Amino acid sequence: MLQQSIESTTDRTWPQEGWTRVPFWVYTDPDIYQRELDTFFYGPSWNYVALECEVPEKGSYKRSWIGERQVVVVRGEEDQIHVWENRCAHRGARLCWKNKGKEESFTCPYHQWNFALDGALQGVPLKRGVLRKGGMPADFDNAQHSLKRLHVHVEGGSIWASFHEDPPSFEDYSGPEVMRNLQRQFPGKKLRLLGYNRQKIDSNWKLYFENLKDPYHATLLHSFLITFGLWRADTQSESIPSASGHSTMVSRNVGKKKSEAAAEITRFKEALELHDTDTVTPKPEFEDGKVIAITHFPSVIIHQQANTFGMRHVIPKGVDSFELAWTFFGYEDDDEEMTRLRVRHANLYGPAGFVAMEDGEVLSESQLGAHHYGHRAAVVEMGGKDVEAQDHMVTEVLIRAFYKHYREAMGL
Ligand SMILES: [Fe+2]
């Protein structure tokens, strides 16, 4: 029997097999979902919010999300980056109603309290009343009523924020393996924004992280990756779990070729040809020859595949739905040909991407399979039962390592 029965549909005891099982209630229970928001997104974590190149000048801003809370990322008076909650310090109304723009200050539409770029309250209309009546008490101190500011860290042009009063360092939170691969892709060169995609996927938000901790599905589900040699089980690869629920998947682009391993896989389509092979023909870029996907828990997946770079921002919308906001980018010093290839290869991804389209579909189907089956559990035994790094991709080790971390953090 593949799926173990758990006796009660309301029991939240983890199956006795441990991290080789994932009870389906983690995808369907609204109380668990609320605890996840508090524990991960609003807890001692670092969350991706924007790229520096999206807020290029003083006063440039972008609205973003951490969990279900909206924040605004602003470039301040002295070029530093501020991140504050998008809710007025007065009555809680949303201050900023646009996705992107440029302002000298922010005024709440409701009672017109005015805030500086760094979130400091600088003006309260009718503060002294009208005709000596009304107004704020004499001891009202603007300095006590700024917007809620978050801790900010900028890593090679990517912007991260934390709600926690005393968060760990970004380096400690990310761990050495993830830091090394982040700095490989974000070496401090200026970034260039290339475009956006957005989609809503009707599944629990964690299933998206699991999709990017599951190199094995990509060798079976995605005809485009297998057939054109962008991601295949028979290439030299690595699956590396890291601190805080993060992980790294490493592979190589090998081009279209039939091999024994590929021939076994039904989605290798020998007859499938492209009239224009540009989309599947990367130009070698990194000296190590690797393609890498980093899952930085709980907010983002960072991909480098062929010549596309993308931030896949995960924004939960309830227990059974999330928004996936894709930001495609390159380096400011890329030549015209490289920029063209980065944009061309972005066709693999996003809601209608030749590859990513299939993930949206299978994740929605997985959620339907979890719905009302909280008392059953998924099996994750591919590649063994342990949680250590492996030098291949035919494995679910990253999912097991993730649930080891998840159970500890959530006390489950
Ligand atoms: Fe996939």
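Here are some notes on the two domains of this predicted model, how they meet, and a few local details worth a look.

1. Start with the overall layout. The protein chain splits into domain 1, covering 47-155, and domain 2, covering 190-410. Measure from one C-alpha centre to the other and you get 36 Å.

2. Next, the place where the two domains touch. Eleven residues of domain 1 are in contact with 15 residues of domain 2. Interface size is often quoted as the accessible area that is lost when the parts come together. Here the area buried between domain 1 and domain 2 is about 1,200 Å², and carbon and sulfur atoms give 62% of that. On the domain 1 side, the residues losing the most area to domain 2 are Tyr48, Leu51 and Trp65, which together make up 46% of what that side buries.

3. What about polar links across the interface? Between domain 1 and domain 2 there are six residue pairs in polar contact, while the count of salt bridges is zero. As for where the domain 1 side comes from, strand S2 (47-51) and strand S3 (60-66) each supply at least two of its residues. By type, the domain 1 residues touching domain 2 are four nonpolar, three polar and four charged.

4. Now the cysteines. The disulfide count comes to zero. For cysteine 53, the closest cysteine sulfur is in cysteine 96, and at 18 Å that is too far for a bond. Cysteine 88 is in no disulfide either: its nearest cysteine sulfur belongs to cysteine 108 and sits 3.9 Å away, whereas a disulfide needs the sulfur atoms within 2.5 Å.

5. Two backbone spots deserve a look. As background, most peptide bonds are trans, and most residues other than glycine have a negative phi. The peptide bond from phenylalanine 297 to proline 298 is cis, with omega near 5°. Proline 298 lies in the loop between strand S15 (291-296) and strand S16 (300-305).

6. The other spot is leucine 126, a non-glycine residue whose phi is positive, near 60°. To find leucine 126, go to the loop that runs between strand S9 (121-123) and strand S10 (151-155).

Conventions
Residues are numbered from 1 along each chain as its sequence is written. This is a predicted model: local features need pLDDT of at least 70, side-chain atom pairs count only at pLDDT 80 or more; totals for chains, interfaces and linings use all residues. Side-chain values use heavy atoms; hydrogens and water are left out. Domain bounds come from an automatic or database domain assignment. Contact means heavy atoms within 4.5 Å. Buried area is the accessible area (1.4 Å probe) that two parts lose on being put together, summed over both. A salt bridge is a side-chain nitrogen of Lys or Arg within 4 Å of a carboxyl oxygen of Asp or Glu. A polar contact is a pair of N or O atoms within 3.5 Å; within protein, one must be able to donate a hydrogen and the other to accept it, and residues adjacent in sequence count only if both atoms are side-chain atoms. Helices (H or I, at least four residues) and strands (E, at least two) are DSSP runs, numbered from the N terminus. Ala, Val, Leu, Ile, Met, Phe, Trp, Tyr, Cys and Pro count as nonpolar, Asp, Glu, Lys and Arg as charged, and the others, Gly among them, as polar.
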